[in-house]
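Okay, thanks for making room for me on the agenda. Let me put the structure up, and then I'll walk you through a few spots in it.

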Amino acid sequence: VELMPEIVPEKFGSWEPLKNEFVVEKISEIVAECWAHEGFLWSRKKPFAVGSIQFQVGKACVHSGVKVDCALGAVPQCNLIEFLQKSSEYLNADLSILHLLNPVDMERGAKTRTVVPAANGECYFGITTHDLNKYIPDVYWAMIFGPAYVRFFGLEKLLSAPFYLVKQIGPEMVYMQLSKNIEDMRTNFIAVDKVRAKVKKH
């Protein structure tokens, strides 16, 4: 709400269709209600944005997840990055991603089943614990590796990766970015994809 006021939810619920009006002043009550149902879904029309929070239940070895999908340009890039970093630190995330899909990525994602067609004609992008048990499906425009991956790859290995930008944002947390602007994923894809290939080789 503070970092991305442009896409504050209008509707929310624990299942669709979303019928409840979102009131910022009642956010504590809303979170408590959705927590009881193991999930929080939200949406708004203009600018378009949808999101979800899925809570880990019981002792299953699966990740909880926070997902935000918004129209390009709806939120300033600097705010998106700040949200990614602060939420990752607060939640002690294993892996966080900020990405802009393009035709090549959609084709690659279809092969790994991280991109699947949605009923409205759009595409759904997501990575599950099942995916991460096997591999990290790809290198995305901005990524944050948390404690589990910092220990696995090694801090120095991550900090020396040939990204456009790499920085340590916590004792065991590294932020990495493929290019200056997220729009490069569509407007300058070939150059960004070359950087991505170097990162994978590294």
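Quick bit of vocabulary before we start: when I say two strands pair, I mean DSSP finds at least two bridges between them. And keep in mind that this is a predicted model.

So, with that in hand, look at β4, residues 49-54. β4 pairs with β5 in the antiparallel sense, over six bridges. If you want a spot to anchor on, S52 stands opposite K67 in β5.

Now zoom out to the sheet those two belong to. It's an open sheet of five strands, in the order β2-β1-β3-β4-β5, with antiparallel pairing. Which strands stand at the edges? That would be β2, at 20-21, and β5, at 65-70; each has a single partner strand, so one side of each is left without a neighbour in the sheet. There's also a helix here: α1, residues 27-36, lies across β1, β2 and β3, and α1 runs at about 40° to β1.

Back to S52 for a second. Is S52 buried or exposed? S52 comes out at 15% relative accessibility, and the cut-off for buried is under 20%, so S52 counts as buried. Leaving out residues up to four places away in sequence, S52 touches F40, L41, W42, G65, V66 and K67.

Compare that with F83, over in helix α2, residues 77-91. F83 has a relative accessible area of 26%, which makes it partly exposed. F83 and S52 sit 31 residues apart in sequence, and 15 Å apart in space, C-alpha to C-alpha. What does F83 contact, if we set aside its neighbours within four places? Those are L3, M4 and V68.

Okay, last stop: β11, residues 173-177. This strand is mostly covered, with five of its five residues buried. In a regular strand, side chains alternate between the two faces of the sheet. Here, M173, Y175 and Q177 point one way, V174 and M176 point the other way, and all are buried.

As for partners, β9, at 142-145, pairs with β11 in the antiparallel sense over four bridges, and β10, at 165-170, pairs with β11, also antiparallel, over five bridges. M176 is a nice residue to click on: M143 stands opposite M176, and M176 is the bridge partner of V166 as well. Finally, β10 and β11 form a hairpin, with two residues between them.

That's my tour, so over to you for questions.

Technical notes:
Residues numbered from 1 in each chain as written. Predicted model: local features only at pLDDT ≥ 70, side-chain atom pairs only at ≥ 80, totals over all residues. Heavy atoms only, no water. Contact = heavy atoms within 4.5 Å. Axes fitted to C-alpha atoms, helices over the stretch in contact; angles between N-to-C directions. Buried < 20%, exposed > 50% of the residue type's maximum accessible area, 1.4 Å probe, protein only.
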